[in-house]
Amino acid sequence: VLKHRCTYEIINPSSVGLSESMMVLGKHSGKHALKMRLKKLGYHVHDAELIRIFDAFKILADRKKVIYDEDLEALVDQNISKTEEMFKLLYLNVTSSTPPGIPTATVKMESQGKIFQEAATGDGPVDALYKAIERLSGVKLTLLDYSLKALTGGKDAMGEVYVKAEGPGRFHVTGRSSSTDILEASAKAYVVALNKYLNRKKNKKTATGL
């Protein structure tokens, strides 16, 4: 069994031409460095949770040279309690057309046992969807990244949408979802990110006694 040295080494992003937000930790990073990075991402984990995450981190670090923010978020999701679904997408409808038509989206969501509905316009169908969700939830997330890839082939191909966003407090969150309907996958991925943000905000208040 190989023993891991728990040195507190953090790879310098500038040495390889990457920003701090793109490159995070290396395989020799220690538990303290991991805890500090998780805190910067908005995760305030207990000692028992940190141990589980760190054990999984060491296994992943043996396979990957560099561990990114997205990798850490996946480790947290897999090794601590599931994200509370504060908002659940129930329905969406999007109308779009070529200019001068204006894309419009309507969303219906459930939160704390109540049903809410909102509509918004945008520069495109996905933008309209996200603005409608923002208006309904009252939370403004700044979209940092959006990507779409096909998981299967053919006319009914499954598509996976990945989003990365930043909310007030500089919390970075990600969301993924797949569907044969790209707009549905886009909306659900955004809602996943929204719920992660709200959970982190809630956990931070609990940890600081606010």
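Colour the chain by secondary structure and read along the sequence: the pattern is β-α-α-β-α-β-β-β-α-β-β-β-α. That makes five helices and eight strands. Keep in mind that this is a predicted model.

Stay with the whole chain for a moment. Of its 210 residues, 41% are buried. Now think about contacts with a separation of 6 or more: residues 24 or more positions apart account for 44% of them.

**Stop one: the sheet**

Select residues 88-95, which are strand S3. Add S4, residues 104-111, and S5, residues 114-121. These three strands form an open sheet, in the order S3-S4-S5, with antiparallel pairing. Which strands stand at the edges? They are S3 and S5. Each has a single partner strand, so one side of each lacks a neighbour in the sheet. Look at the twist next: neighbouring strands are turned by 15° against each other on average, direction ignored.

Zoom in on the S3 and S4 pair. The two strands run antiparallel and are joined by seven bridges. For one example, select Leu92 and look across to S4, where its bridge partner is Val107.

Now show residues 125-137, helix H4. H4 packs on the sheet and touches S3, S4 and S5. Turn the view to compare directions: that of H4 makes about 140° with that of S5.

**Stop two: the second largest pocket**

Select Thr83, Glu85, Val191, Val192 and Asn195. Of the 13 lining residues of the second largest pocket, these lie nearest its centre. The pocket has a volume of about 280 Å³.

Which elements each supply at least two residues of the lining? Strand S3, already on screen, is one, and helix H5 (182-208) is the other. H5 gives the most, with five residues. Colour the lining by residue class: seven are charged, three are polar and three are nonpolar.

**Stop three: Lys65**

Select Lys65. It sits in the loop between helix H2 (47-63) and strand S2 (66-67). Buried or exposed? Its relative accessibility is 74%, over the 50% cut-off, so Lys65 counts as exposed.

Finish by adding Lys27 to the selection. Lys27 and Lys65 are 38 residues apart along the chain. Draw a distance between their C-alpha atoms: the separation is 6.6 Å.

Methods:
Residues are numbered from 1 along each chain as its sequence is written. This is a predicted model: local features need pLDDT of at least 70, side-chain atom pairs count only at pLDDT 80 or more; totals for chains, interfaces and linings use all residues. Side-chain values use heavy atoms; hydrogens and water are left out. On a 1 Å grid over the protein atoms alone, a cavity is a set of points where a 1.4 Å probe fits but cannot get out, and a pocket is an open set with protein on both sides within 12 Å along at least five of seven lines; lining residues have an atom within 4 Å of a point. Grid points are joined across faces, edges and corners, and a volume is the space filled by probe spheres set on the points. Helices (H or I, at least four residues) and strands (E, at least two) are DSSP runs, numbered from the N terminus. Ala, Val, Leu, Ile, Met, Phe, Trp, Tyr, Cys and Pro count as nonpolar, Asp, Glu, Lys and Arg as charged, and the others, Gly among them, as polar. Two strands pair if DSSP finds at least two bridges between them. Axes are lines fitted to C-alpha atoms, for helices over the stretch in contact, and angles run from 0 to 180 degrees between N-to-C directions. Contact means heavy atoms within 4.5 Å. Buried means under 20% relative accessible area, exposed over 50%, partly exposed in between (1.4 Å probe, protein chains only).
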